[in-house]
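Could you walk me through how this protein is held together on the inside? I'd like to hear about the nonpolar cores, the charged pairs and the cysteines.

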Amino acid sequence: MARALQLAKRGLYTTNPNPRVGCVIVRDGQVVGEGWHARAGEPHAEVHALVAAGPQAHGATAYVTLEPCCHHGRTPPCSEALAKAGIARVVAAMPDPNPLVASQGITALERAGIHVEIGLLQAESERLNPGFISRMTRGRPYLRVKLAVSLDGRTALANGESKWITGEAARADVQRLRARSSAILTGIGTVLADDPSLTVRDLDIGVQPLRVVVDGHLSMRADARMLRLPGKTLVVTAEDDADQAGVLVRAGAEVLVLRAGPGHIDLLELMRHLADREVNELLVEAGATVCGSLLQAGLVDELVVYLAPHLLGDPARGMFAIPGLESMQDRIALDIQDVRAVGRDWRITARVTR
């Protein structure tokens with residue numbers, strides 16, 4: 001199963017919107033076939049492994065990181081392929097959270113006379129697919145906020161200058177975060193100040209993540225750099241301004257109105273919309289206002305903070321625009337998952353606990 005998880009990671013940047021899955025087929029103590037899912041619409045991990053195993057799959061055990069599918073989607077059911085190949089036993093790391101499967105794959109295998117076991121290295125498999133699990137069980141993406149900050153917790157100087165707080169190694173690491181994400185979200189303030197590309201560079205992922213701009217008053221410029229780059233840009237606003245929306249649409253954007261009040265966007269509804277668009281993992285690269293709003297709304301699952309070894313001083317900009325707390329009991333608790341050096345900087349990964 002550990003090897004199957006290694007194989008699944010090979011699809012880290014390319015399987016969206018499908019989960020990352022690996023499969024190893026073992027017969028008489030020997031590995032006879034391996035496979036992983038590479039892209040949506042292409043064969044699943046089990047099929048690749050069965051092809052590699054050939055006739056040796058008969059009577060063998062298949063170790064797979066996710067319950068085999070049993071429905072006709074972009075590809076035929078893997079449960080049928082396993083049964084047809086004569087697999088005798090299936091060991092799956094975790095059940096599939098997809099309601100179209102949801103233990104039905106296990107049932108289909110057992111009806112075909114295949115012995116099934118579930119739960120081996122389940123936590124490791126779940127960590128590989130947080131977005132897919134979130135979308136299937138909560139109806140929204142897994143939301144990860146990326147921040148580059150100084151040692152005193154500042155994201156930019158008071159005048160907005162922020163290039164570059166972190167070093168080259170950290171910026172390259174951010175490209176890997178972008179590559180595994182279905183979409184990248186930012187705020188209009190960041191777009192107007194920095195005119196970012198929000199694209200994945202130096203990694204071959206096939207399709208660029210969806211770019212999402214939170215723009216309450218529809219201030220997006222039609223000549224923004226991201227509108228001239230490969231990939232799609234979704235501008236989300238609270239303003240129902242058909243003329244300005246038309247200008248942006250002609251420039252290549254898609255405009256979505258989700259009003260929660262004057263100038264305010266319904267963030268929860270935005271998450272539901274992104275889930276409907278099969279966004280699994282959502283990476284936020286935004287300023288303190290957007291990050292603070294998402295945090296207060298209880299939508300942030302994970303923080304990835306790149307901590308640089310310098311100080312920017314008290315007037316510089318902070319990480320989150322949130323109201324001051326009156327009691328220590330009101331603190332937003334974090335569960336540190338990982339701390340490691342990335343070049344001269346430190347990367348801290350933390351889950352937001354609720």
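Here is a tour that starts with the cores, moves on to the salt bridges and ends with the cysteines.

Keep in mind that this is a predicted model. As a general backdrop, nonpolar side chains in soluble globular proteins tend to be buried together. In this structure the largest nonpolar core is made of 33 residues, and Leu143, Leu185, Met271, Leu274 and Leu294 have the most contacts inside it. Several elements chip in with at least two residues each: the strands β6 (142–150), β7 (183–187), β8 (210–214), β9 (233–237), β13 (281–284) and β14 (302–308), plus the helices α10 (267–276) and α11 (288–296).

If you want a single residue to click on, try Met271. Leaving out residues up to four places away in sequence, Met271 touches Gly139, Arg140, Pro141, Leu143, Leu185, Leu282, Leu294 and Leu299. There is also a second, separate core, this one with 22 residues, including Ile25, Ala53, Leu82 and Val116.

Now for the charges. Side chains of opposite charge can pair when their charged atoms come close. The salt bridge count here comes to 21. One of them joins Arg138 to Asp301, with the closest N and O atoms 3.0 Å apart. That pair links distant parts of the chain: Arg138 is in helix α6 (residues 130–138), while Asp301 is in the loop between α11 and β14, 163 residues apart. The two ends sit in unlike surroundings, since Arg138 is partly exposed at 39% relative accessible area, whereas Asp301 counts as buried at 6%.

Another pair is Lys146 with Glu285, where the closest N and O atoms are 3.6 Å apart. Lys146 lies in strand β6 and Glu285 in the loop between β13 and α11, so this bridge ties together parts that are 139 residues apart in sequence. Both of these residues are buried.

For a local example, look at Arg272 and Glu269, whose closest N and O atoms are 3.5 Å apart in a salt bridge. Why is this one local? Because the two residues are three apart in helix α10, they are separated by about one helical turn. Arg272 is partly exposed at 42% relative accessibility, and Glu269 is partly exposed too, at 31%. Elsewhere, salt bridges that share partners join Arg20, Arg144, Arg180, Glu281, Glu302 and Arg351 into one network.

Then there's an arginine without a partner. Arg135, in helix α6, is buried yet has no salt bridge. Which side chain of opposite charge is nearest to Arg135? It is Glu278, at 4.5 Å, and the cut-off for a salt bridge is 4 Å. Apart from neighbours within four places in sequence, Arg135 is in contact with Pro17, Arg140, Ala275, Glu278, Val279 and Asn280.

Last, the cysteines. The structure holds zero disulfides. Cys23 is in no disulfide, and the nearest cysteine sulfur, that of Cys78, is 8.5 Å away. Cys23 counts as buried, at 0% relative accessibility. What about Cys69? The sulfur of Cys69 is 3.8 Å from the closest cysteine sulfur, in Cys78, and that is too far for a bond, because a disulfide calls for sulfur atoms within 2.5 Å. Cys69 counts as buried as well, at 7% relative accessibility.

How values were computed. Residues numbered from 1 in each chain as written. Predicted model: local features only at pLDDT ≥ 70, side-chain atom pairs only at ≥ 80, totals over all residues. Heavy atoms only, no water. Core = buried A, V, L, I, M, F, W, Y, C linked by side-chain atoms within 4.5 Å. Buried < 20%, exposed > 50% of the residue type's maximum accessible area, 1.4 Å probe, protein only. Helix = DSSP H or I, 4+ residues; strand = E, 2+ residues; numbered from the N terminus. Contact = heavy atoms within 4.5 Å. Lys, Arg positive; Asp, Glu negative; His and termini not counted.
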